[in-house]
Amino acid sequence: MVTREGRYRTPDRQGQTLMREVIRARLKECPVHVQRSEVEAMGEEIGLEGIEAVRLFDRLKGVSWRGDYIRSDTGWVAAWVREVN
């Protein structure tokens, strides 16, 4: 199976569902400040490597959460998150 990068990357539907459930279970109060390391830890709970968890988290923006990333020179380091109703 070929994994395509960028906007044409095929999403992992099962991974998205699991990540959505973990986000909802972890984020009881919104808006909340979430560190990238916490997103990676959420991914590890469902068997993903750090970068895959970060990609799934990004794919769920607008579907399961809304907010803004806090960026650095190396990419995003945190996000302000609120749940989508």
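**Aromatic contacts and the S2–S3 hairpin**

Let me start with the strands: S2 and S3 are joined by a hairpin, and the connection takes two residues. This is a predicted model, so everything I say refers to computed coordinates. The two strands run antiparallel, with eight bridges between S2 and S3. To give one example of the register, Arg66 has Arg82 in S3 as its bridge partner. S2 covers residues 65–72, and Ile70 is in that strand.

Now the aromatic side chains. A pair of aromatic rings is described by two quantities, the distance of the centres and the angle of the planes. How many aromatic pairs does the structure hold? There are two. In the pair of Phe57 and Trp76, the ring centres are 5.6 Å apart and the planes meet at 20°, so this pair is stacked; the cut-off for stacked is under 30 degrees. The pair links distant parts of the chain, with the two positions 19 residues apart in numbering: Phe57 belongs to helix H3, residues 50–59, and Trp76 to strand S3, residues 75–83.

The other pair is Tyr69 with Trp76, and this pair is tilted. Here the distance is 4.8 Å centre to centre, with 45° between the planes. Trp76 takes part in the stacked pair and in the tilted pair. Phe57, Tyr69 and Trp76 together make one aromatic cluster.

Are these rings buried or exposed? Phe57 has a relative accessible area of 0%, so Phe57 is buried. Trp76 comes out at 8% relative accessibility and therefore counts as buried. Tyr69 has 14%, and is buried as well. The cut-off behind those three assignments is under 20%.

There is also a charged group to mention at Trp76. Arg36 lies over the face of the Trp76 ring, at 5.5 Å from the ring centre.

Last, the surface. Which residues form a nonpolar patch there? They are Ile70, Val77 and Trp80, and together they have about 250 Å² of accessible area. Ile70 has a relative accessible area of 31%, so Ile70 is partly exposed rather than buried. As background, side chains in a regular strand alternate between the two faces of the sheet.

To sum up: a hairpin joins S2 to S3, Phe57, Tyr69 and Trp76 form one aromatic cluster, and Ile70, Val77 and Trp80 form a nonpolar patch on the surface. That is all from me.

How values were computed: Residues numbered from 1 in each chain as written. Predicted model: local features only at pLDDT ≥ 70, side-chain atom pairs only at ≥ 80, totals over all residues. Heavy atoms only, no water. Phe/Tyr/Trp six-rings, centres within 6.5 Å; stacked < 30°, edge-to-face > 60°. Helix = DSSP H or I, 4+ residues; strand = E, 2+ residues; numbered from the N terminus. Buried < 20%, exposed > 50% of the residue type's maximum accessible area, 1.4 Å probe, protein only. Lys NZ or Arg CZ within 6 Å of the ring centre and 35° of its normal. Patch = residues over 30% accessible without salt bridge, like charges linked within 9 Å, V, L, I, M, F, W, Y side chains within 5 Å. Areas by Shrake-Rupley, 256 points an atom, 1.4 Å probe, with all protein chains shown as cover. Salt bridge = Lys/Arg side-chain N within 4 Å of Asp/Glu carboxyl O. Pairing = 2+ DSSP bridges.
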